[in-house]
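Reader: Could you walk me through one part of this model up close? I'd like to hear about the long helices and what they touch.

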Amino acid sequence: DIAKSRSLELKTLEKLIEAARIATKAVKWSFLDPSESGGLGFSRPHEISISKSKQVEIEKKAEEMRSLIEQRSVEIAAEYNLSLQTSEMARQGLDVAKKRLEWVFQRHQLGDATLGDDEFVQELTELQEHILLGRSQLLSSHFAYLVSKAKLERILLQGFYDPHGGESQAR
């Protein structure tokens with residue numbers, strides 16, 4: 001609802017609908033204008049009909065825009081929430097890999113007999129790969145978060161997209 005009430009596109013269409021209503025009234029009553037040459041001829045009903053159909057067409061476009069804004073709002077909110085979840089999962093995976101790395105180092109430093117040199121190197125290599133992958137996933141999820149946040153601010157006309165400038169207070 002916030003996105004619909006702040007949509008510049010919808011405001012434009014509402015102004016066009018208002019203009020179409022005024023144009024329809026102007027066509028209906030133009031026969032009273034002495035400077036109008038049309039009078040009450042056979043084309044008058046068609047002119048009125050055409051004017052009304054233009055108004056209906058704009059009203060349909062406005063309704064389509066409302067539906068589109070609602071659909072996009074739901075998609076963007078889902079994208080935003082998913083980016084937050086992905087970020088948290090990446091952070092947790094990275095923490096687990098780091099803890100496991102510390103554990104492997106402890107085992108090696110304590111001289112654990114079950115941990116041979118080859119096995120130690122293999123574990124270190126795998127854990128470093130997991131840590132790199134976790135950092136990569138964390139960066140990717142942060143990027144997805146920033147993109148979805150920008151989309152959310154755009155559809156709500158907040159932040160950079162606030163037509164009044166500055167940061168919006170409603171967050």
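Author: Here's a tour that starts with one helix and then moves on to its partners. This is a predicted model, so a quick word on ground rules: local features need pLDDT of at least 70, side-chain atom pairs count only at pLDDT 80 or more, and totals for chains, interfaces and linings use all residues. Residues are numbered from 1 along each chain as its sequence is written, and side-chain values use heavy atoms, with hydrogens and water left out.

Let's take α4, residues 117-156. Helices here are DSSP runs of H or I with at least four residues, numbered from the N terminus. At 1.5 Å a residue, its 40 residues should span 58 Å, and the end C-alpha atoms are 57 Å apart, which agrees. (The expected span is 1.5 Å times one less than the number of residues.)

The buried residues of α4 include F120, L124, L127, I131, G134 and L156, along with polar or charged ones such as E123, S141 and E153. Buried means under 20% relative accessible area, exposed means over 50%, and partly exposed is in between, using a 1.4 Å probe and protein chains only. Those buried α4 residues pack against α1 (2-6) and α3.

S148 is a nice one to zoom in on. It sits in α4 and counts as buried because its relative accessibility is 0%. Leaving out residues up to four places away in sequence, S148 touches I76, E79, Y80 and S83, where contact means heavy atoms within 4.5 Å. A polar atom of the S148 side chain also lies 3.0 Å from the backbone oxygen of Y145.

Just after α4 comes L157, with a positive phi of about 55°, in a residue other than glycine. L157 is buried too, at a relative accessible area of 7%.

Now for α3 (44-109). Its 66 residues should span 98 Å at 1.5 Å a residue, and the end C-alpha atoms are 97 Å apart, which agrees. In α3 you'll find S51, buried at 9% relative accessibility. The side chain of S51 makes a polar contact with the side chain of T24 at 2.8 Å. (A polar contact is a pair of N or O atoms within 3.5 Å; within protein, one must be able to donate a hydrogen and the other to accept it, and residues adjacent in sequence count only if both atoms are side-chain atoms.) Beyond neighbours within four places in sequence, S51 is in contact with A20, A23, T24 and V27.

There's charge pairing as well: the structure holds 11 salt bridges, each a side-chain nitrogen of Lys or Arg within 4 Å of a carboxyl oxygen of Asp or Glu. One of them joins R21 and E59, 3.4 Å from N to O. R21 lies in α2 and E59 in α3, so the pair ties together parts that are 38 residues apart in sequence. Another links R91 with E88 at 3.3 Å; those two are 3 residues apart in α3, about one helical turn.

Past the end of α3, L110 lies in the loop between α3 and α4 and counts as exposed at 74% relative accessibility. The C-alpha atoms of L110 and K60 are separated by 75 Å. G111 follows α3 with a positive phi, near 75°.
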